[in-house]
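These are my notebook entries from an inspection of the structure shown below. I set down each point as I looked it up.

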Amino acid sequence: MRAIFGLTDLDSGEVRWNGAKIDQPTRRRFGYMPEERGLYPGMLVGDQVEYMGRLHGLSAAQAQVATKMWLERLGVADRAGSKVDVLSHGNQQRVQLAAALVHEPELIVLDEPLSGLDPAGIDDIGAVLVERAAAGCCVVFSSHQLDLVEDLCEWVTIIDHGKLVTSGRVDDLATSGPRRLVVRVEGDRDAAWAKKLAGVTVSEVNGGEARLVLDESTDSDVVLRAAMAAGRVSEFSFARRRLSEVFREALA
Amino acid sequence: MKPFIIVAIVAVFIAVRVTFRFRRHRARAVPSVPPQMPLQTKPPRRSLLVSVFGVVGLVAQREVRERIRGRVFQVGTGIILLVVIAAIVIPVLTRSKSEPERVGVVGTLSAPLRTAVLASADALGTTMTFVSEPDPSTADADLRSGHVDVVIVDAKQVVVATAISAGDTSTTAQLAGAAAQTLGTAAAFQAAGLTAAQANAIIHAKPVSLVGLQPASVSHHKHSPASVFTLVLVFVMLGQYSTWILTGVVEEKTSRVVEVLLAAVRPAQLLGGKVLGIGLVAAAQASMLVAVALGLSAAVGSDLLHGTGPVTVLAALLWLVLGYAFYCWVYAAAGSTVERQEQVQSLAFPLTIPVIVGYISSLTVATTGTPNTFVDVLAYLPPTAPFAMPTLVGIGAATWWEFAISVVLSIASTVAVARLATSIYRRAILRTGRRVHIRELLRAKPTGSQR
């Protein structure tokens, strides 16, 4: 991600945008939000966002209007006159995003935009990103919380220790692979009943809710019977493959 | 004169107070008038900066705005201003009074003695008038009230308000001493049987001619208050501006904001804008101080404007600009290699050594008025020239072509230093994790060289 902006050198390969190598004028039409927050601690929020807009080629008047608009959109308009370092982490993140979006970039690159946020913050920032994508802007972001981004993304590339694990449309990845069931048996929080079943792998257990991967030969009725024998079944449904499961299964 | 000085000091004090009031008022006003307020007004000068220098101008504009907005800058400027005013006003206040000394006379003082006392006052470079006092007790009262400075009683006794200590060089003390000496000599001559006219001729005897084989080597060099004043000013200001550059670069690197900035602008643009912006603030501040200094000196009649004074002040201003141009690159490059804020101290120390050496050795020359070979050499070395050269100008020991050579050397080396510094900056500013060493940087390829 840093290489897109020339902040680090690639070991191999090159970065292209619309088929052409990236130069400085092209970069000015991109927006970037680094993982380590980068804002002037002593500068006023409004000035800061406006300044970023101007560095990306907005006129003074455009930057003013866009700053006001984005600070309002991200819910930090009342902090425009505050210094950055008095803001909470979540609000700083919102300001950082405003600084990356203020010039309406054609490509937005965000490094871990959702890390360290409360659910409201994740919803707000996620909504803004989806809205940008819907408006025709290319949004690229990284995250360690695979399941969190599943709903946001269209296309995902999973990288582990610098190696490409898998890449594809989220829908394709989620529907590919073996069938899986979500089963909840009341009173058995560890899903001990499922661990004994042949032809079934327990993918994860979450508060009594077991995600089971079925071998091709395994009949789901057999699983249902086993579950009913273990206790009262309160949930039993087929489910899509989660991105975290894609990741784990690809590595296994 | 005194009232004027007091008015000037009070005016500055009020100006500082009002500025703070206004700022505090504005700071309070911000939350109630939320986002639009700080975003609106835009003086045209800033747009000019951007239209002339483009992205570099934008960066410079931010530096100017943030710098001026900062409290450190406002307080610092206020303090320097007060110090400058004090440095000009205090010597004037403590200088010999320009009003004539009033000498009270009790009893009689003959015309030749009066002439002799007047002549001794003249020799001290002061003027005096005689005031007749009816009796000793009135004279004492007048002495105590300050109505007269010295009283001569019956041409036999000289009385002052406060006893004169050995080191007292005030005009009154000198005049009283001279009057006592003159009266004593006159009495002695009289006792020896000389007429008043003969005695007078002896007292005012002309010295014989005094000839030197070689012309005096330092006769044109003179202790100049202006060169000390400007030297201290250059030292303080240059130190201040270098620190701005250093902390500015370090702040951007340690807060990682530099990543976001460099995603949009080139490192050279960012560095250039910073140097330009801080340079503009520095130039404005220094010009303001010099203008105040010159204006105030003219108003109160300070020694600063005598002889080489104005030339020295202007030379110092020029060298402040040249010194800034040289050092800003050095400090920017140094700042880019820092990883954490704490490393700034240890990093800044070696950089200040040439500054200290140049300053101290020039200060010696400025206070004694005698140049030495060491400072003559320092005047041509770009790191120390900002101190040494204006000092030599101040004591009148530099010719115009020596000055010009030094300026050209400084500009040439500034160009070289700027290139080197930009190249170090480009390589170091994005490296994080640990201190970067210069040697390693010069070998390395700059990050983002595919740009």
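How far apart do the C-alpha centres of domain 1 of chain A and domain 2 of chain A lie? I found them 40 Å apart. The model is a predicted one, and I read every value below as computed from it.

Entry on the domains of chain A. I noted the bounds next: domain 1 covers 3–144, and domain 2 covers 173–251.

Entry on Asn18(A). I looked for backbone angles out of the ordinary. Most residues other than glycine have a negative phi. Asn18(A) is not a glycine, yet I read a positive phi of about 55° for it. I placed Asn18(A) in the loop between β1 (16–17) and β2 (20–21) of chain A. I then asked whether Asn18(A) is buried or exposed. Asn18(A) counts as exposed because it has 8 C-beta neighbours inside 10 Å, and the cut-off for exposed is 12 or fewer.

Entry on Glu104(A). Here too I recorded a positive phi, of about 50°, at a residue that is not a glycine. Glu104(A) sits in the loop between α4 (89–101) and β4 (107–111) of chain A. I found 17 other C-beta atoms within 10 Å of Glu104(A), so I entered it as partly exposed.

Entry on Glu216(A). I located Glu216(A) in the loop that runs between β10 (209–214) and α9 (220–230) of chain A. With 7 other C-beta atoms within 10 Å, Glu216(A) is exposed. I also checked its distance to Gly199(A): the two are 17 residues apart in sequence and 8.2 Å apart in space, C-alpha to C-alpha.

Entry on chain B as a whole. I then turned to chain B, for which I listed 17 helices and four strands. The chain has 451 residues, and 37% of them count as buried. I looked up the contacts in chain B with a separation of 6 or more, and residues 24 or more positions apart account for 78% of these.

Entry on α7(B) and α8(B). Which way do these helices of chain B cross, and at what angle? Helix α7 (residues 171–191) of chain B and helix α8 (residues 196–203) of chain B have axes that come within 10 Å and cross at roughly 130°. I therefore recorded α7(B) and α8(B) as oblique to each other. Their crossing is right-handed. On the α7(B) side I listed Thr185(B), Ala186(B), Phe189(B) and Gln190(B), which meet Ala199(B), Ile202(B) and Ile203(B) in α8(B). By class, I noted five nonpolar, two polar and no charged residues in this contact.

Entry on α15(B) and α16(B). I examined a second pair, helix α15 (residues 385–394) of chain B and helix α16 (residues 400–428) of chain B, which pack at an angle of about 165° with their axes 11 Å apart. That angle makes α15(B) roughly antiparallel to α16(B), since angles over 145 degrees count as such. I recorded the crossing of α15(B) and α16(B) as left-handed. Ala385(B), Met389(B) and Val393(B) of α15(B) make the contact with Phe403(B), Ser406(B) and Ser410(B) of α16(B). I sorted the residues of this contact into four nonpolar, two polar and no charged.

Definitions and conventions. Residues numbered from 1 in each chain as written. Chains lettered and ligands numbered in written order. Predicted model: local features only at pLDDT ≥ 70, side-chain atom pairs only at ≥ 80, totals over all residues. Domains from an automatic or database assignment. Axes fitted to C-alpha atoms, helices over the stretch in contact; angles between N-to-C directions. Helix = DSSP H or I, 4+ residues; strand = E, 2+ residues; numbered from the N terminus. Parallel < 35°, antiparallel > 145°, perpendicular 65-115°, else oblique. Left-handed = near helix turned anticlockwise from the far one by under 90°. Contact = placed C-beta atoms within 7 Å. Nonpolar A, V, L, I, M, F, W, Y, C, P; charged D, E, K, R; others polar. Buried ≥ 20, exposed ≤ 12 C-beta atoms within 10 Å, placed from the backbone.
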